[in-house]
Amino acid sequence: MIGKRTKQPLRTLLVCGGLGLALLAGAGVTAARYVMQNRQSGVMTAEEFYFTSDLLREPSETALYYIDPKAETFSFRLFNYADSQRTTPQAIEYQLAVSGAATAGSDAGSIAGGAAGKSVITITPSQVSATDGNPADITVTAKSTSPYKKTLQAVFKRSLGNEYTVNDGAGNTAAVLTVTCADSGGVIKISLPSGVIADQADDRITYADGVYTFTAPGSGVYSVVLLKTEVSGDYSCEGNFADAITIP
């Protein structure tokens, strides 16, 4: 009888011990899930960070642009959004570094969060290079410092490095403007003579204040149809440009 009584607590101990281990194991799974959920939430929060630009790109993309050597200033924009549906909820703090030129105003700034916003940065190029007397290349770097770190960069060459050609002939109802972008593209202003209009059915073309603009998505060769209201004219020509074309 004594032996039977002494075995009973041992069984109880074993059963209780087994339940305790099971509870601890369950708690471990719950804790693991909680940690995983927290990590996933952190990733999702990071994905809501957008620091973009109309001209600057991540360094791996090697953004390069030609600018008019005679231009006294040029501008680019920094944004806190990727599109109308994706906006950074927090304020973005950033710093600028510029070689070969000077920024107009502070070399640091911020973009308020919660709604689509932007900063317009104006660059004043140096007149000449300190080494060879030619216009200096300008390297612009923008780094966000808060809430996350991201680097955007571009190089601006003061050169008419792009090319254009207009194929036309007297009696033609339309001419074709061929644009060859050796740089990373962007917005190109096109000034046309009286009696010539750009085909606005092309969604790359916009018109405002008497000037057409063509948006090149990157380096490459692009064609734009120019409609003629006076068919007797011949607007054939060619030349080099940085970011603006004037057809005589």
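Here are some exercises with worked solutions on the predicted model shown above.

**Exercise 1. Getting an overview**

Task: Find how many helices and strands the chain has, and what share of its residues is buried.

Solution:
- Step 1. Begin with the elements: the chain holds one helix and 20 strands.
- Step 2. Turn to burial. The chain has 248 residues, and 31% of them are buried.
- Step 3. Look at the outside too. The accessible surface of the chain is about 14700 Å², with 54% of that belonging to carbon and sulfur atoms.
- Step 4. Finally, see how far apart in sequence the contacting residues are. Take the contacts between residues at least 6 apart in sequence: 69% of these join residues at least 24 apart.

**Exercise 2. Deciding where to trust the model**

Task: Work out over which residues pLDDT stays under 50, and how many contacts beyond four places in sequence the model has for them.

Solution:
- Step 1. Start from the whole chain: its mean pLDDT is 84, and 78% of the residues reach 70 or more.
- Step 2. Now go to the beginning of the chain. Over residues 1-7, pLDDT stays under 50, and the model gives them zero contacts beyond four places in sequence.
- Step 3. Residues 10-45 also have pLDDT under 50 throughout, with one contact beyond four places in sequence.

**Exercise 3. Tracing a sheet of five strands**

Task: Put the strands of the five-strand open sheet in order and find which ones are its edge strands.

Solution:
- Step 1. Read across the sheet: the order is β15-β18-β13-β12-β19, and the pairing is antiparallel.
- Step 2. Check the two ends. β15 (196-198) and β19 (237-241) each pair on one side only, which makes them the edge strands.
- Step 3. Follow the turn of the sheet: from one strand to the next, the twist averages 25 degrees.
- Step 4. Zoom in on one pair. Strand β12, residues 162-167, runs antiparallel to β19 and is joined to it by five bridges. Within this pair, Val166 faces Cys237 of β19.

**Exercise 4. Asp168: buried or exposed?**

Task: Decide on the burial of Asp168 and list what surrounds this residue.

Solution:
- Step 1. Locate the residue: Asp168 sits in the loop that runs between β12 and β13 (174-181).
- Step 2. Compare its relative accessible area with the cut-off. Buried means under 20%. Asp168 has 14%, so this residue is buried.
- Step 3. Look for polar partners. The side chains of Asp168 and Lys228 share a polar contact of 3.1 Å. A polar atom of the Asp168 side chain also lies 2.9 Å from the backbone nitrogen of Tyr235.
- Step 4. Complete the surroundings. Setting aside neighbours within four places in sequence, Asp168 touches Ala174, Ala175, Lys228, Gly233, Asp234, Tyr235 and Ser236.

**Exercise 5. A four-strand sheet and a loop beside one of its strands**

Task: Find the edges of the open sheet of four strands, then decide on the burial of Gly105.

Solution:
- Step 1. Write down the order, β1-β3-β9-β7, with antiparallel pairing.
- Step 2. Identify the edges. β1 (52-53) and β7 each have a single partner strand, so one side of each has no neighbour in the sheet.
- Step 3. Inspect the β7 end. Three bridges pair β7 with strand β9 (residues 118-125) in the antiparallel sense, and Thr103 stands opposite Ile123 in β9.
- Step 4. Move into the loop between β7 (101-103) and β8 (108-111), where Gly105 is found.
- Step 5. Apply the cut-off for exposed, which is over 50%. With a relative accessible area of 61%, Gly105 is therefore exposed.
- Step 6. Add a distance: Gly105 and Ile121 are 16 residues apart along the chain, and their C-alpha atoms are separated by 8.7 Å.

**Exercise 6. Parallel or antiparallel?**

Task: Give the sense in which β14 pairs with β17 and with β20, then follow β10 to its partners.

Solution:
- Step 1. Strand β14 (residues 186-191) and strand β17 (residues 211-216) run antiparallel, joined by five bridges. Lys189 stands across from Thr213 in β17.
- Step 2. With strand β20 (residues 244-246), β14 pairs in the parallel sense over three bridges. Here Ser191 has Thr246 as its bridge partner.
- Step 3. Strand β10 (residues 138-146) pairs with strand β6 (residues 92-99) in the antiparallel sense over seven bridges, with Gln95 opposite Lys143.
- Step 4. β10 also runs antiparallel to strand β11 (residues 150-158), again through seven bridges, and a hairpin of three residues links β10 to β11.

Technical notes. Residues are numbered from 1 along each chain as its sequence is written. This is a predicted model: local features need pLDDT of at least 70, side-chain atom pairs count only at pLDDT 80 or more; totals for chains, interfaces and linings use all residues. Side-chain values use heavy atoms; hydrogens and water are left out. Two strands pair if DSSP finds at least two bridges between them. Helices (H or I, at least four residues) and strands (E, at least two) are DSSP runs, numbered from the N terminus. Axes are lines fitted to C-alpha atoms, for helices over the stretch in contact, and angles run from 0 to 180 degrees between N-to-C directions. pLDDT is the predictor's confidence in each residue, from 0 to 100. Contact means heavy atoms within 4.5 Å. Buried means under 20% relative accessible area, exposed over 50%, partly exposed in between (1.4 Å probe, protein chains only). Accessible areas come from the Shrake-Rupley method with a 1.4 Å probe; for residues, only the protein chains shown count as cover. A polar contact is a pair of N or O atoms within 3.5 Å; within protein, one must be able to donate a hydrogen and the other to accept it, and residues adjacent in sequence count only if both atoms are side-chain atoms.
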